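Colleague: Got a minute to walk me through this model? I'd like to know what to look at, helix by helix and strand by strand.

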Amino acid sequence: MSPAGETERSRIGILRAVAVLILAAALLFPGPAGAAVVIEGAPFGLRERMERSAASVWSEIRQDGSLSAGDSLRLLSLVAERVFAGFAVEDSFFRGEDAVLRIKPLAGTAPWRVEIFPPQLASPVDGWFRDSASGIGERIRDHLGNLPLDAFSWADSPLKELIDTLCTPGLPGWSASLLVRLEQEGPVLRISFVPRPPFVLAVVPRVSSGTLPVMLRSDLNENILRTLSPVVGLPIEWVSAHRDKVEKMAAESLRQTNIVGNTRSTVEVSFRAAQIAAANALVDSPKYSVRAWVAAYAGSDTKYPEIGLHMGRKFLPVSGWDMEFYGEWILSVNGFSLESRWGIRWSPWKNILAGVERAFPGNVTWYRLWIEGGVRAPYLWWRLSEDGDHHVGLGYRLNQRISLEIHYDGRDEDKISIRALSDL
């Protein structure tokens, strides 16, 4: 071998040895990136990470100062091929002050096949997941292209970040888990998903209604619990993104119940995803109203516990005027005396009712006013007879079942008392 050949061979050997030392130094003690390194041909999503690593190596090489510009660039190429397994440096040159490496995958690299493996979820939530994941496999495959299998030895972390970025818009709250296998047709990337906390731990339903008794609403609460059980244990972020589907699922389930069907009730559901998720349903019948209650009095010797029942049939004689024919029956435990009231009422404004009724025994006409406040809010009702007697209740509804009233009855000796009511 000629002396020139031996010299060149020796120089290359020295460069390789220096490359190993610089590679170790760059990996163990990464220095600040000085002049930039541009990598052309890098896969999308990996280029920034590759350029940062190459810039760290380039900084170590330039700090040495003993190599010429050409040798420094060749040394950078050697280190890059060692660091970025699966790629070969096709060309290297300077562009201004930047070092440019043009890389390409090693020959024989086959395109990737991506398999999406959805988690085991209950119906219909499993269908929501499949719809959300639709097209993600194709987008990931487009980004992988002909990425060499060897690249996973150094690019697994940035690829995981890239795939999570691609999955997050459609699958918030889920983390991708990667499994690589090599088949005869080429490499396969199998992506499965695990939920990311926080999770929905429980669903608390609350059915409100101005027309259905509490005993029927309890059955509807249980229906919501059963219907929304598939979302328990899922990421709050993902469930929140599917809030409209959750609300629709709960509403459709309530509409299929005999209670809602027989009373021709309308259903509106609002859902708020949280660790203790709230599912509020408003169920009201435009045709019927039913209410039952028990009441007890304090502060009066003339009032006794009673049981009451209200049943009404609604109609709409004029647009905007909701009217109702109703009957009420109040049974007192003192001698089991029964008072019945037959009347008509209408709603001139929201939460306000006005009406007139005939009470028996006595055959007395009463004029009535109701102002409803809802749960955990005050309310008022007032009756005025044709004889000038006043019957008033000013109360506060503690929850959907219990309320307390300051009760006034001008017909009694003890006109003022406290009344506690429990809706049935």
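Modeller: Sure, let's begin with α7: Val214, Arg217, Leu220, Asn221, Asn223, Ile224 and Thr227 are buried there. Buried means under 20% relative accessible area, exposed is over 50%, and partly exposed is in between, using a 1.4 Å probe and protein chains only. Bear in mind that this is a predicted model, where local features need pLDDT of at least 70, side-chain atom pairs count only at pLDDT 80 or more, and totals for chains, interfaces and linings use all residues. Residues are numbered from 1 along each chain as its sequence is written, and side-chain values use heavy atoms, with hydrogens and water left out.

Colleague: How are those buried residues of α7 placed around the axis?

Modeller: They are on the same side of α7, because they cover an arc of only 160° around the axis. The arc is that of the directions from the helix axis to the C-beta atoms. In general, an α-helix has 3.6 residues a turn, so residues three or four places apart point the same way.

Colleague: And what do the buried residues of α7 pack against?

Modeller: They pack against β7 (202-208), α9 (243-255), α10 (258-263), β9 (276-284) and β19 (416-423). Those labels are DSSP runs numbered from the N terminus: helices are H or I with at least four residues, strands are E with at least two.

Colleague: What span does α7 reach?

Modeller: Helix α7 covers residues 214-227, and its 14 residues reach 20 Å from first C-alpha to last, close to the 20 Å expected at 1.5 Å a residue. The expected span is 1.5 Å times one less than the number of residues.

Colleague: OK, switching to strands. Which way do β4 and β6 pair, parallel or antiparallel?

Modeller: Parallel, over 5 bridges, with β4 at residues 113-117 and β6 at residues 186-195. Two strands pair if DSSP finds at least two bridges between them. Phenylalanine 117 has serine 192 in β6 as its bridge partner.

Colleague: What about β5 and β6?

Modeller: Strand β5 (residues 174-183) pairs with β6 in the antiparallel sense, over 10 bridges. The two form a hairpin with 2 residues between them, and leucine 179 is opposite arginine 190 in β6.

Colleague: How many aromatic pairs does the structure hold?

Modeller: There are 11 aromatic pairs. One of them is phenylalanine 129 with tryptophan 238, a tilted pair at 6.1 Å centre to centre and 50° between the planes. Rings of Phe, Tyr and Trp (its six-membered ring) pair if their centres lie within 6.5 Å; planes under 30 degrees apart count as stacked, over 60 as edge-to-face and the rest as tilted.

Colleague: Where do those two sit in the chain?

Modeller: Phenylalanine 129 is in helix α4 (residues 125-133) and tryptophan 238 is in helix α8 (residues 236-241), 109 residues apart, and the pair links these distant parts of the chain. Phenylalanine 129 is buried at 1% relative accessibility, and tryptophan 238 is buried with a relative accessible area of 1%. Phe129, Trp174, Phe193 and Trp238 form one aromatic cluster.

Colleague: Which arginine has its charged end over tyrosine 288?

Modeller: Arginine 313, with its charged end 5.1 Å from the ring centre. Arginine 345 sits over the ring of tyrosine 326, with its charged end 5.5 Å from the centre. A charge counts as over a ring if NZ of Lys or CZ of Arg is within 6 Å of the ring centre and within 35 degrees of the ring normal.

Colleague: What does aspartate 409 touch?

Modeller: Not counting residues up to four places away in sequence, aspartate 409 touches Lys303, His390, His391 and Lys415; contact means heavy atoms within 4.5 Å. Aspartate 409 is in strand β18 (residues 402-409) and is buried, with a relative accessible area of 1%.

Colleague: Any backbone oddities?

Modeller: Most residues other than glycine have a negative phi, and most peptide bonds are trans. Here, a cis peptide bond joins serine 123 and proline 124, with omega about 0°, and proline 124 is in the loop between β4 and α4. Another cis bond joins phenylalanine 360 and proline 361, with omega about -5°. Arginine 376 has a positive phi of about 55° although it is not a glycine, and it counts as exposed at 64% relative accessibility.
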